[in-house]
Protein chains: 2
Amino acid sequence: MYSIGEVSKMFQIPISTLRYYDKEGLFLGLEKNNSGIRIFNEKTIDALRLIECLKKSGMQIKDIKEFMKWCSMGDKTLKIRKEMFLKQKKTIEKEIEELNNALELIKYKCWYYDEAVKDNSEKRVKNITPSQMPSDIKKAYENSHK
Amino acid sequence: MYSIGEVSKMFQIPISTLRYYDKEGLFLGLEKNNSGIRIFNEKTIDALRLIECLKKSGMQIKDIKEFMKWCSMGDKTLKIRKEMFLKQKKTIEKEIEELNNALELIKYKCWYYDEAVKDNSEKRVKNITPSQMPSDIKKAYENSHK
DNA sequence: ACTTGACCTAAAGTTAGGTTTAGATAATAT
DNA sequence: ATATTATCTAAACCTAACTTTAGGTCAAGT
């Protein structure tokens, strides 16, 4: 059993955000005591862990809410919940791939500015063709310019 | 030389977004012909590729704009530009790590719902302890619940 | 009794990153 | 010549995800 303040500290999430999530229907099993104060239990902590994970992977609040609703509908929604996670797995894998692509261009830029700072000028590095670049930088450059 | 419509198709970015980026000062070398129509060249295409990359890694428009301004200020900003890319490299690497963590929980959930759908019930899978899970799932579960 | 700190709700405000609209000009095809 | 298509600007509008504000309740310590 945790208060909203404790949960806020545990997850480093503002209290206002936790209340907002509750208002949006993300904590379906969240109880309140008889003076209206929220009481978080292991189940809601689990839900919050999942919310953080789904949010990190780009899912919108309204879609997370829909999932939570399915959870409250029992076994008849098992299949759709499974499909949601399979789809989300693909989404995350694609995002990781795209970030790796972005990283290639950034690595090229790091090399570029390293050379430029050495010379205190872009003149020389600007004119280096891919065939003159170190092989890992060449790869990064070509990956990000196709 | 490309028109805004051609660039829009090449990058799959709405024309309105390209105009918005221009308005925000992201295309510092972008020229217009004498009737006010934008003419994109290789330099602005390069800038756009970089903008996409920085945006994908979570950088804000105003910070991208600041970088573009440094570019227009010549060699005295080489060092700060280099530092920006080094910092952004770390940011992306951290994001990839976090997405990999998120992926672990999603993989556990995929396994969980796969079992539940087999049984047409959560009853059995709900009570499986980490030590009874397949070893890769156990790892994923423990990684995402610490 | 009263002050302090943690909690509550409802409603308004904020921010980023666009998108849409309206009204105009320009280039192209028939 | 004229209709269509592409472009332009400025300004209003939109959405998601919060955050802040205002005004109030509640429990614990002094």
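Visitor: Hi! Which parts of DNA strand D sit within 4 Å of the protein, sugar or phosphate on one hand, or bases on the other?

Guide: Of the strand D atoms within 4 Å of the protein, 80% belong to sugar or phosphate, and the rest belong to bases. Keep in mind that we are looking at a predicted model.

Visitor: Okay, noted. Which residues come nearest to DNA strand D?

Guide: There are 19 residues around that strand, and A:T17, B:S3, B:R19, B:K32 and B:R38 come nearest.

Visitor: What does B:S3 do with the phosphate there?

Guide: A polar atom in the side chain of B:S3 lies 2.9 Å from a phosphate oxygen of DNA strand D. Backbone atoms take part in such pairs too: a backbone N or O atom of B:G5 is 3.1 Å from a phosphate oxygen of strand D, and for A:I61 a backbone N or O atom lies 3.4 Å from one.

Visitor: Which helices supply the surface near DNA strand D?

Guide: Helix 2 (15–23) and helix 4 of chain A, along with helix 1 (4–11) and helix 2 (15–23) of chain B, each supply at least two residues. The largest share, four residues, comes from helix 2 of chain A.

Visitor: And by class, what is that surface near strand D made of?

Guide: It has seven nonpolar, seven polar and five charged residues.

Visitor: Let's hop to the other strand. Which residues come nearest to DNA strand C?

Guide: Here A:S3, A:R19, A:K32, A:R38 and B:T17 come nearest, out of 19 residues around the strand. Of the strand C atoms that come within 4 Å of the protein, sugar and phosphate account for 81%.

Visitor: What lies 3.1 Å from a phosphate oxygen of strand C?

Guide: A backbone N or O atom of A:G5 does. From chain B, a polar side-chain atom of B:Y21 is 3.1 Å from a phosphate oxygen of strand C, and a side-chain N or O atom of B:S35 is also 3.1 Å from one.

Visitor: Which elements give two or more residues to the surface near strand C?

Guide: From chain A, helix 1 (4–11) and helix 2 do, and from chain B, helix 2 and helix 4 (61–71). Helix 2 of chain B has the largest share, with four residues. By class, the surface near strand C divides into seven nonpolar, seven polar and five charged residues.

Visitor: New topic! How many residues does each chain bring to the contact between A and B?

Guide: Chain A brings 41 residues and chain B brings 41 residues. Together the two chains bury about 3700 Å², and 76% of that is on carbon and sulfur atoms. On the chain A side, A:L99, A:I106 and A:Y113 lose the most area to chain B, together 17% of what that side buries.

Visitor: How many salt bridges cross the interface of chain A and chain B?

Guide: Four of them. Take B:K82 and A:D114, whose side chains meet in a salt bridge at 2.7 Å, N to O. The interface also has six residue pairs in polar contact.

Visitor: Which helix of chain A gives the most to the side touching chain B?

Guide: Helix 5 of chain A, with 26 residues. Helix 3 (42–56), helix 4 (61–71) and helix 5 (78–119) of chain A each supply at least two residues to that side. Sorted by class, the side of chain A that touches chain B has 19 nonpolar, seven polar and 15 charged residues.

Visitor: How many salt bridges does the structure hold over all chains?

Guide: Over all chains, the structure holds 16. One salt bridge joins the side chains of A:D46 and A:R49, 2.7 Å from N to O.

Visitor: Where do A:D46 and A:R49 lie?

Guide: Both lie in helix 3 of chain A, three residues apart, which is about one turn of the helix.

Visitor: Last thing: how many helices and strands does chain A have?

Guide: Chain A has seven helices and two strands. From the N terminus, the order is α-α-β-β-α-α-α-α-α.

Visitor: And what is the radius of gyration of chain A?

Guide: For chain A it is 24 Å, whereas a compact globule of 146 residues would have one near 15 Å. Along the principal axes, the C-alpha atoms of chain A fill a box of roughly 75 × 35 × 20 Å.

Key: Residues are numbered from 1 along each chain as its sequence is written. Chains are lettered from A and ligands numbered from 1 in the order in which they are written. This is a predicted model: local features need pLDDT of at least 70, side-chain atom pairs count only at pLDDT 80 or more; totals for chains, interfaces and linings use all residues. Side-chain values use heavy atoms; hydrogens and water are left out. Contact means heavy atoms within 4.5 Å. Buried area is the accessible area (1.4 Å probe) that two parts lose on being put together, summed over both. A salt bridge is a side-chain nitrogen of Lys or Arg within 4 Å of a carboxyl oxygen of Asp or Glu. A polar contact is a pair of N or O atoms within 3.5 Å; within protein, one must be able to donate a hydrogen and the other to accept it, and residues adjacent in sequence count only if both atoms are side-chain atoms. Ala, Val, Leu, Ile, Met, Phe, Trp, Tyr, Cys and Pro count as nonpolar, Asp, Glu, Lys and Arg as charged, and the others, Gly among them, as polar. A residue is near a molecule or strand if one of its heavy atoms lies within 4 Å of it. The radius of gyration is taken over C-alpha atoms; the globule rule is 2.2 Å times the number of residues to the power 0.38.
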